[in-house]
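Hello,

Please find the structure below, with notes on what was found in it after that.

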Amino acid sequence: MQARIHRLVADRTQALAAVSHDLRSPIQRLRLRAGFLEDVEAQQAIDGDLDEMEGMIESTLAYLRGETESEEPRQADLAAILTTLVDDATDRGATATYAGPDRLPMRLRPVAIKRALANLVDNAVKHGDGARVALEENPGSVTVRVEDDGPGIPEAALETVFEPFQRLDASRHRGTGGTGLGLAIARQVVNAHGGSVALANRPGGGLVATVLLPRPHATGRDGAAVVGAGTLPPVTPPGERRA
Ligand SMILES: Nc1ncnc2c1ncn2[C@@H]1O[C@H](COP(=O)(O)OP(=O)(O)OP(=O)(O)O)[C@@H](O)[C@H]1O
Ligand SMILES: [Mg+2]
């Protein structure tokens with residue numbers, strides 16, 4: 001029975017991956033055809049829809065690939081990743097702020113982590129009308145908080161929204177678009193770093209997403225001895241950042 005369930009899930013995953021992948025060509029063709037339209041407004045609207053479809057395909061494929069697994073952990077600056085995300089959001093016209101250290105070098109998979117955190121910032125902007133991002137160092141770990149002043153999420157759904165393709169009615173009705181994969185990907189990535197991500201409603205209203213990432217301290221000058229390195233190789237001590 002268990003083997004059959006496994007096979008079923010594997011088959012469905014493969015089918016979904018194949019469909020997602022094969023949708024790319026017709027989307028490209030539609031984009032070309034839309035280019036010939038004389039109605040510029042319609043052309044732009046179609047382009048916008050196609051962008052959205054491509055985004056959905058991209059995130060579905062990334063999720064199915066479990067993209068995290070393939071990226072090598074390396075020394076990166078978590079503070080820089082967050083400020084870039086906040087800057088990107090404000091460039092797009094959203095309200096977003098960052099509070100925290102200017103630099104926080106640590107060992108992680110930067111592309112995957114950036115995607116995970118981007119999903120949280122994107123949610124705060126899209127579902128909550130703005131993002132307040134905060135980064136904090138604690139002994140042995142770092143905390144990233146992404147807060148908004150939006151409607152929050154009903155208590156009963158705070159966990160289920162992490163399941164792939166889960167979207168609340170409120171967001172469907174508002175027509176925010178999206179695949180319902182943002183949180184599933186965020187959790188996949190953060191868990192692969194030995195961390196955790198959780199949502200909570202803030203007492204004053206709005207939602208807070210809290211990401212906890214282990215950040216083992218390097219002991220000795222060579223940075224060889226580390227505590228709680230989890231699945232990631234040892235951290236390089238501060239000051240020894242590699243490009
Ligand atoms: N900050 C938030 N405030 C209110 N609701 C939220 C917030 N973040 C997520 N949600 C709810 O959780 C659902 C799932 O979020 P998730 O990021 O997984 O998918 P999405 O944002 O709908 O689409 P995608 O991220 O794939 O573009 C959302 O559709 C929304 O209903
Ligand atoms: Mg999202």
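Of the 243 residues in the protein chain, 37% count as buried. This is a predicted model, and every value here is computed from it. The accessible surface of the protein chain comes to about 13700 Å², and carbon and sulfur atoms account for 54% of that area. Among contacts between residues at least 6 apart in sequence, 64% join residues at least 24 apart.

On secondary structure, the protein chain has seven helices and seven strands. Read from the N terminus, the order of elements is α-α-α-β-α-β-β-α-β-β-α-α-β-β.

The strand pairing I looked at centres on β7, residues 207-214. Strand β5, residues 141-147, runs antiparallel to β7 and is joined to it by seven bridges. Within that pairing, Val142 stands opposite Leu213 of β7. Strand β6, residues 196-201, also pairs with β7: the two run antiparallel, with six bridges between them. Here Ser196 has Leu212 in β7 as its bridge partner. The neighbouring β7 residues Leu212 and Leu213 thus appear in these two pairings, Leu212 opposite β6 and Leu213 opposite β5. As a general point, side chains in a regular strand alternate between the two faces of the sheet.

β6 and β7 form a hairpin with five residues between the strands. In this hairpin, Gly205 takes a positive phi near 105°.

Regards

Methods:
Residues numbered from 1 in each chain as written. Chains lettered and ligands numbered in written order. Predicted model: local features only at pLDDT ≥ 70, side-chain atom pairs only at ≥ 80, totals over all residues. Heavy atoms only, no water. Pairing = 2+ DSSP bridges. Helix = DSSP H or I, 4+ residues; strand = E, 2+ residues; numbered from the N terminus. Buried < 20%, exposed > 50% of the residue type's maximum accessible area, 1.4 Å probe, protein only. Contact = heavy atoms within 4.5 Å. Areas by Shrake-Rupley, 256 points an atom, 1.4 Å probe, with all protein chains shown as cover.
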